[in-house]
Amino acid sequence: MRRLTWNEFDQAVLVLSKRFQGHPFTGVHGIPRGGLCLAVALSHALELPMLSTPDSACLVVDEVYETGKTLAAMRQELPDAVFAVWVSKQPTQWWEAVEVTDRDDWLVFPWENAERAGVDEQAYRRARGLV
């Protein structure tokens, strides 16, 4: 299990805001739940509105690309949107990532309850058929 820190989060926001500075997005949409923190921070850093509903000209963000099911479904609906994550557990293709890792560690983001992380991991893996 790998615990990420608020300092690492701030660095990720900085990297993504530099990468997307000046891009003509309509706004930022965060995938609930984990993408919301990143979306709020990026909407401030890029001076763009938060979008409750994504559109084809927005930046869609999530905290992690693990199996890809969440973002792939969103991309089906919005093929022209730009997608980004903090951590990708797959080599990037049509999405951007601050960090790409081949490690299978369960990630605990700073806004998550670290004591509950093991339960969350098992529920996620069962739901995705990974156990």
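Okay, let's start with one residue: Ser 17 has 8% relative accessibility, so Ser 17 counts as buried, where buried means under 20% relative accessible area with a 1.4 Å probe and protein chains only, exposed is over 50%, and partly exposed is in between. Before going on, this is a predicted model, so local features need pLDDT of at least 70, side-chain atom pairs count only at pLDDT 80 or more, and totals for chains, interfaces and linings use all residues. Residues are numbered from 1 along each chain as its sequence is written, and side-chain values use heavy atoms, with hydrogens and water left out.

Back to Ser 17, which sits in helix H1; helices here are DSSP runs of H or I with at least four residues, strands are E runs of at least two, and numbering goes from the N terminus. Leaving aside residues up to four places away in sequence, Ser 17 touches Leu 42, Ala 45 and Leu 46, contact being heavy atoms within 4.5 Å.

That brings us to the helix pair. H1 covers residues 6–20 and H2 covers residues 34–45; they pack at an angle of about 50°, and their axes are 10 Å apart. Axes are lines fitted to C-alpha atoms, for helices over the stretch in contact, with angles from 0 to 180 degrees between N-to-C directions. H1 and H2 are therefore oblique to each other: under 35 degrees would be roughly parallel, over 145 roughly antiparallel, 65 to 115 roughly perpendicular, and the rest is oblique.

Who meets whom? On the H1 side we have Phe 9, Val 13, Leu 16 and Ser 17, and they meet Cys 37, Leu 38, Ala 41, Leu 42 and Ala 45 in H2.

Now the inside. The largest nonpolar core, a set of buried Ala, Val, Leu, Ile, Met, Phe, Trp, Tyr and Cys residues joined through side-chain atoms within 4.5 Å, has 22 residues, and among those with the most contacts inside it are Phe 20, Leu 38, Leu 42 and Trp 86. H1, H2, strand E3 (59–65) and strand E4 (82–88) are the elements that give two or more residues to this core. H1 supplies the largest share, five residues.

Phe 20 is worth a click: beyond four places in sequence, Phe 20 touches Phe 25, Leu 46, Leu 59, Val 82, Ala 84 and Glu 96. There's also a second, separate core of 13 residues, including Val 60 and Phe 83.

Last stop, Met 74, in helix H3 (residues 69–77). With 14% relative accessibility, Met 74 counts as buried. Again not counting residues up to four places away, Met 74 touches His 29, Ile 31, Pro 54, Val 60 and Phe 83.
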